[in-house]
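The following paragraphs lead through selected features of one protein model, moving from the backbone to the packing of side chains. Please keep the sequence and the structure in view while reading.

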Amino acid sequence: MTIENISVNKSFGGWHKQYSHYSNTLNCTMRFAIFLPPQVACGKKVPVMYWLSGLTCSDENFMQKAGAQRLAAELGIAIVAPDTSPRGDDVADDEGYDLGQGAGFYVNATQPPWNRHYRMYDYVVDELPQLIESHFPVSEQRSIAGHSMGGHGALVIAMRNPDRYQSVSAFSPISNPINSPWGQKAFTAYLGQDSYHWADYDASLLMRRTSQSVPARVDQGESDEFMASQLMPEALSEAAHINGYPLEFYRHEGYDHSYNFISSFIEQHLRFHAEHLNR
C-alpha cells in the first residue's frame with residue numbers, strides 16, 4: 001500500500017502530517033491525519049490512539065480543535081484520525097448531513113448503492129492499522145476513541161475486537177443507535193429495513209451481552225442538546241451495570257456537544273489510554 005504526503009506541521013516537538021491513499025476496502029481515495037510524538041525521532045515505536053470523529057467531520061476537526069498534541073507528545077502516544085466516510089464524485093451521497101459522505105457510521109453497508117464504498121468498520125479495524133503499522137514507527141499497542149457518531153464507532157469496534165485494543169473512550173457517543181433517529185436513518189439505508197441486523201452496531205446492546213471487556217471511559221455533557229433525543233447515555237450506563245462491564249462514566253454539568261467539551265477533558269482521556277497502553 002502506498003501513501004502520499006499532503007501536509008506536514010511541527011507540533012510540540014513532534015509532527016502532524018496528512019496523507020492520502022487508495023483504499024481497497026472503500027474503493028476510493030481516503031485521507032487520514034497522524035500525530036507522531038517526538039519519541040519516534042529516537043527510533044522508538046510508540047502506541048497509537050485511533051480517533052473517530054462525528055457527523056460532518058473529517059480528519060481535521062480533532063487535530064485542529066481538541067488540543068491533544070501537547071499531552072500526546074509528553075506521553076509518547078501517536079494519534080491517527082481517519083476521515084468519517086468514503087469521499088469522491090462516484091461515491092453515493094445524500095442531501096442530509098446525517099447520511100452519506102461525512103456520515104459513514106463506522107458500519108459495513110450491505111445495501112446498494114452504499115455497499116460499494118461504505119465499509120468503514122473494516123477500514124478502521126483492518127486496513128488502516130495495517131497501513132499505519134507498515135509505514136510509521138508505531139507498535140501494535142492500540143486504543144480507540146471518538147466523539148458522537150465516532151464515539152459509537154469506537155465503542156462498537158472495541159467491544160467487537162477486544163483482542164485488538166487496550167482501551168476505549170468516547171465523548172457524547174450515540175449509545176443506543178437502534179432507538180436514535182440518527183441511527184435509525186443510517187442503519188435503514190446502510191443495513192436494510194430488518195432491525196435484527198442492526199444489533200451488532202449498537203454499543204448498549206453489545207455491552208449487555210459481551211463476555212469479554214475492554215477498559216472503557218465515557219464522558220457526557222449535561223447540557224448537550226442531543227443527549228435525550230439522539231445519544232441516550234442512560235442505555236449505556238444501564239448496560240454496563242447489568243453486565244458488570246468496566247465502564248467509567250462521567251457526567252459534566254453545563255457542557256454541550258461541541259469541541260469546547262472535548263478540549264476540556266481530552267487530557268483525562270489521553271491519560272486513561274496511556275495507563276492501559278503502557279501495561
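In this predicted model, G183 is found in helix α5. G183 is buried, with a relative accessible area of 0%. Residues up to four places away in sequence aside, G183 touches F105 and P177. W198 follows 15 residues along the chain from G183, and the C-alpha atoms of G183 and W198 are separated by 9.2 Å.

The contact with F105 leads to the loop between β5 and α3, where F105 lies. F105 counts as buried, at 0% relative accessibility. Its backbone deserves attention: phi of F105 is near 60°, a positive value in a residue other than glycine. Most residues other than glycine have a negative phi, and most peptide bonds are trans. A second case of positive phi is S172, with a value near 45° in a residue that is likewise not glycine. S172 lies in the loop between β7 (167-171) and α5 (181-191), and at 0% relative accessibility S172 also counts as buried. The loop between β5 and α3 also holds P113. A cis peptide bond joins P112 and P113, with omega at about -5°.

D83 is found in the loop between β5 (78-82) and α3 (120-135) as well. With a relative accessibility of 4%, D83 counts as buried. The side chain of D83 is joined to that of R87 by a polar contact of 2.8 Å. Beyond its neighbours within four places in sequence, D83 is in contact with M30, R31, C57, S58, D59, Y106 and M120.

One of these partners, C57, raises the matter of cysteine pairing. A disulfide is a covalent bond between the sulfur atoms of two cysteines. How many disulfides does the model contain? With a cut-off of 2.5 Å between the sulfur atoms, the count comes to zero disulfides. For C57, the closest cysteine sulfur is that of C28, and no bond is possible because the two sulfur atoms are 18 Å apart, too far for a bond. The search from C28 leads back to C57, at 18 Å. C28 is buried, with a relative accessible area of 5%, and C57 counts as buried at 8%.

Another partner of D83 is M120, a residue of α3 that is buried. The buried residues of α3 also include Y121, Y123, V124, V125, E127, L128, P129, L131 and I132. What do these buried residues pack against? Their partners are β2 (14-23), β3 (28-36), β4 (46-52), β5, β6 (138-147) and α4 (149-160). Helix α3 bends by about 35° at E127, and the proline P129 follows within four residues. The ring of Y121 in this helix has the charged end of R160 over it, 4.3 Å from the ring centre. The charged end of R160 also sits over the ring of Y201, at 4.9 Å from its centre.

The aromatic residues may be considered next. A pair of aromatic rings is described by the distance of the centres and the angle of the planes. A search of the whole structure finds 17 aromatic pairs. In one of them, the rings of W51 and F62 have their centres 4.1 Å apart and their planes at 20°, so the pair is stacked. This pair links distant parts of the chain, with W51 in strand β4 and F62 in helix α1 (residues 60-65), eleven residues apart. W51 counts as buried at 0% relative accessibility, and F62 is buried with a relative accessible area of 1%.

Are the rings of F261 and F265 stacked or edge-to-face? Their centres are 5.7 Å apart and their planes meet at 70°, so the pair is edge-to-face. Both residues lie in helix α9 (residues 259-277), four residues apart, about one turn of the helix. An α-helix has 3.6 residues a turn, so residues three or four places apart point the same way. Both F261 and F265 are buried.

These two pairs belong to a wider arrangement. Ring pairs link W51, F62, F171, Y255, F261 and F265 into a cluster.

Terms used
Residues numbered from 1 in each chain as written. Predicted model: local features only at pLDDT ≥ 70, side-chain atom pairs only at ≥ 80, totals over all residues. Heavy atoms only, no water. Buried < 20%, exposed > 50% of the residue type's maximum accessible area, 1.4 Å probe, protein only. Helix = DSSP H or I, 4+ residues; strand = E, 2+ residues; numbered from the N terminus. Polar contact = N/O pair within 3.5 Å; in protein donor to acceptor, adjacent residues only side chain to side chain. Contact = heavy atoms within 4.5 Å. Bend = angle between axes of the 7 residues up to and from the residue. Phe/Tyr/Trp six-rings, centres within 6.5 Å; stacked < 30°, edge-to-face > 60°. Lys NZ or Arg CZ within 6 Å of the ring centre and 35° of its normal.
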